[in-house]
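Dear colleague,

Here is the structure I promised to pass on to you. Please open it and keep it beside this message while you read what I found in it.

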Amino acid sequence: MNDIVKNDLDLISKELYLESPGLWIDFSDKVGENVFDEFVLYIASKYDYPSIIEYALKNNLIDLNDKSKNSNFNTISKHLINTAKNNNSKKVLNLLLDNNDSCDDCSDINKLEENLNSETDKYIPSFTCTNCDSNILEKGYKIIENKTLKYSTKDDKIVEIKKDVLDTVICVNCNEKLNVKPKELEVVCTINNCTSCKADLRKVGIIAKNQMTYDENTNTFKTENTGYVCSNCNSYINNNQKEYFLLK
Ligand SMILES: [Zn+2]
Ligand SMILES: [Zn+2]
């Protein structure tokens, strides 16, 4: 057993000890006896330690095509893939997919893997519901539209003549009315982006522009105020963005 495996076993052991002491005893006993069965690899999949699965495979300590002890899965491999998916264990998932040649739901899993990758790379804006603590930008929120209708003699039917969005936002998860307006949520979503060219300010950068006035007493220019513009298009960033990026 190489140092990486030993070290990873130690790390898992520590995490498991804190989270579920009962499982920790079983895990430590098995690892102590060099038993790398479905249970041990399940734990490795859950905490995303591919080195341990690799070790078991290399030393023929397990056959992933064997029947799983969990009746929901045909094979150990499927059980571990499912565990890795549910726990967002990307390293283990990659390893298992590379090793899995008889995979009938590979395309699903590959898609899921792509999603996992793109989701973690992407910035997700957040607005937390004060009632249920969910991020409504992820879970969803309802808005209320106010429509004005009228009978049209030209069309011989009722037609919509006006539509506004009310300043109401309702959490889809708990139905609580929230103290925020739809427009404000849009601002939250674009806080990193230039409002004019939509470029990501964190990538293109911003330029500070100092407004300086001449002071006759001291014979010098002094800074009146500083504005910040998008490096891409020279538009000023808004006050919310100034606040968000802690700029003065
Ligand atoms: Zn809620
Ligand atoms: Zn711009």
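In this model, which is predicted, the buried residues of helix H3 pack against five partners that are worth locating one by one: helix H1 (3-19), helix H2 (21-32), helix H4 (50-58), helix H5 (76-86) and helix H6 (90-99). Helix H3 itself covers residues 38-46, and because eight of its nine residues are buried, H3 is largely enclosed by the rest of the structure. If you would like to find these buried residues in the sequence, they are Glu38, Val40, Leu41, Tyr42, Ile43, Ala44, Ser45 and Lys46. Just after H3 you will come to Asp48, which takes a positive phi of about 65°.

One of these partners, H2, can be followed in greater detail. Two packed helices are described by the angle between their axes and by the distance between those axes. For H2 and H3 the angle is about 115° and the axes lie 10 Å apart, while the crossing of the two helices is left-handed. Which residues meet in this contact of H2 with H3? From H2 come Leu23, Asp26, Phe27, Lys30 and Val31, and they meet Phe39, Val40 and Ile43 in H3. Sorted by character, the residues of this contact of H2 with H3 divide into six nonpolar and two charged, with no polar residue among them.

Another of the partners, H5, is also worth your time, since nine of its 11 residues are buried and H5 is therefore largely enclosed by the rest of the structure. The buried residues of H5 are Ile76, Ser77, Lys78, His79, Leu80, Ile81, Asn82, Thr83 and Ala84. H5 is followed by Asn88, and the phi of Asn88 is positive, near 55°.

Finally, please set these details against the chain as a whole, which contains 11 helices and five strands. How many of the 248 residues of the chain, as a percentage, count as buried? The figure is 18%. The radius of gyration of the chain is 28 Å, whereas a compact globule of 248 residues would have one near 18 Å, and the C-alpha atoms fill a box of roughly 80 × 75 × 35 Å, taken along the principal axes. Among the contacts in the chain with a separation of 6 or more, 47% are between residues 24 or more positions apart.

With best wishes

Terms used:
Residues numbered from 1 in each chain as written. Chains lettered and ligands numbered in written order. Predicted model: local features only at pLDDT ≥ 70, side-chain atom pairs only at ≥ 80, totals over all residues. Helix = DSSP H or I, 4+ residues; strand = E, 2+ residues; numbered from the N terminus. Rg over C-alpha atoms; globule rule 2.2 N^0.38 Å. Buried ≥ 20, exposed ≤ 12 C-beta atoms within 10 Å, placed from the backbone. Contact = placed C-beta atoms within 7 Å. Axes fitted to C-alpha atoms, helices over the stretch in contact; angles between N-to-C directions. Left-handed = near helix turned anticlockwise from the far one by under 90°. Nonpolar A, V, L, I, M, F, W, Y, C, P; charged D, E, K, R; others polar.
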